[in-house]
Each structure stands twice: as C-alpha cells, then as structure tokens.
Amino acid sequence: MKFVVTFLWSFLLVTMVNYVTGSIANVPFDLVPGIVASVILSVVVLVISSACPDEPVSDH
C-alpha cells in the first residue's frame, strides 16, 4: 500500500513537471518518460524512508 501511494504522488508530481517544462520549451508531451521517472523516484523515496529511524533519538 505504501508503494502505491508513493507512486501515485510521484506520478502526479513528475507528470506535472514534465508537462510544464515541456510547454515552456515547446516540446510535445510524452507520458512514458514520466512513468519511468515516477517509478525510479518512488523506489528512491521508499529506500530513503526505510533507512531513516522511526523512533525518536534519545537526548544525550
């Protein structure tokens, strides 16, 4: 479930950035690079979030 939500948000954000930058550069919109970038971004976000501790750090 965590991957689905992460992929959904990354897909929406990457597609938006892809569309806006393509419009500014006058390049036709292509969905496939956005999907590939969304999958890569989702995996990176999930790897980083799994590496971060969930418990609070104790005071020294």
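## A buried threonine to start from

A residue counts as buried when its relative accessible area is under 20%. Thr-6 has a relative accessible area of 18%, so Thr-6 is buried. Keep that residue in mind as you look around this structure, which is a predicted model.

Thr-6 belongs to helix 1. Which residues does Thr-6 contact, leaving aside its neighbours within four places in sequence? The answer is Ser-42, Val-45 and Leu-46. Those three residues are listed among the helix 2 members of the contact between the two helices, and Thr-6 is listed on the helix 1 side.

## How the two helices meet

Helix 1 covers residues 2–24, and helix 2 covers residues 31–51. The two pack with their axes 8 Å apart, at an angle of about 135 degrees. Is that roughly parallel, roughly antiparallel, roughly perpendicular or oblique? An angle has to be over 145 degrees to count as roughly antiparallel, and the roughly perpendicular range is 65 to 115. Helix 1 and helix 2 are therefore oblique to each other. The crossing of helix 1 past helix 2 is right-handed.

On the helix 1 side, the residues that meet helix 2 are Lys-2, Phe-3, Thr-6, Phe-7, Ser-10, Phe-11, Val-14, Thr-15 and Asn-18. Their partners in helix 2 include Leu-31, Gly-34, Ile-35, Val-39, Ser-42, Val-45 and Ser-49. Sorted by class, this contact has 12 nonpolar, eight polar and one charged residues.

## Residues to look for along the helices

Two valines of helix 2 are handy landmarks. Val-39 is found in helix 2, and its relative accessible area of 36% makes it partly exposed. Although Val-39 and Phe-3 are 36 residues apart along the chain, their C-alpha atoms are separated by 9.6 Å. Val-45 also lies in helix 2, and with 38% relative accessibility Val-45 counts as partly exposed. From the C-alpha atom of Val-45 to that of Met-1 the separation is 14 Å, with their positions 44 residues apart along the chain.

On helix 1, try Met-16. Is Met-16 buried, partly exposed or exposed? At 47% relative accessibility, Met-16 counts as partly exposed. Met-16 and Gly-34 are 18 residues apart in sequence, while their C-alpha atoms are 9.0 Å apart in space.

## Aromatic rings

How many aromatic pairs does the structure hold? There are three aromatic pairs. In one of them, the rings of Phe-3 and Phe-7 have centres 6.3 Å apart and planes at 20 degrees, so this pair is stacked. Phe-3 and Phe-7 are four residues apart in helix 1, which means about one helical turn separates them. Phe-3 is partly exposed, at a relative accessible area of 39%, and Phe-7 is partly exposed too, at 26%.

Another aromatic pair joins Tyr-19 and Phe-29; it is edge-to-face, with 5.9 Å from centre to centre and 75 degrees between the planes. Tyr-19 lies in helix 1 and Phe-29 lies in the loop between helix 1 and helix 2, so this pair ties together parts that are 10 residues apart in sequence. Phe-29 has 43% relative accessibility and counts as partly exposed. Back in helix 1, Phe-3 and Phe-7 also belong with Phe-11 to one aromatic cluster.

## The loop and the end of the chain

Asn-26 lies in the loop between helix 1 and helix 2. Its phi is near 60 degrees, a positive value in a residue other than glycine. Is Asn-26 buried or exposed? Asn-26 is exposed, with a relative accessible area of 70%.

Finally, follow the chain to the segment after helix 2, where Pro-53 is found. Pro-53 is exposed, and its relative accessible area is 61%. Measuring from C-alpha to C-alpha, Pro-53 and Leu-13 are 26 Å apart in space, and they are 40 residues apart in sequence.

Notes: Residues are numbered from 1 along each chain as its sequence is written. This is a predicted model: local features need pLDDT of at least 70, side-chain atom pairs count only at pLDDT 80 or more; totals for chains, interfaces and linings use all residues. Side-chain values use heavy atoms; hydrogens and water are left out. Axes are lines fitted to C-alpha atoms, for helices over the stretch in contact, and angles run from 0 to 180 degrees between N-to-C directions. Angles under 35 degrees count as roughly parallel, over 145 as roughly antiparallel, 65 to 115 as roughly perpendicular and the rest as oblique. A crossing is left-handed if the near helix is turned anticlockwise from the far one by less than a right angle, and right-handed if clockwise. Contact means heavy atoms within 4.5 Å. Ala, Val, Leu, Ile, Met, Phe, Trp, Tyr, Cys and Pro count as nonpolar, Asp, Glu, Lys and Arg as charged, and the others, Gly among them, as polar. Buried means under 20% relative accessible area, exposed over 50%, partly exposed in between (1.4 Å probe, protein chains only). Rings of Phe, Tyr and Trp (its six-membered ring) pair if their centres lie within 6.5 Å; planes under 30 degrees apart count as stacked, over 60 as edge-to-face and the rest as tilted.
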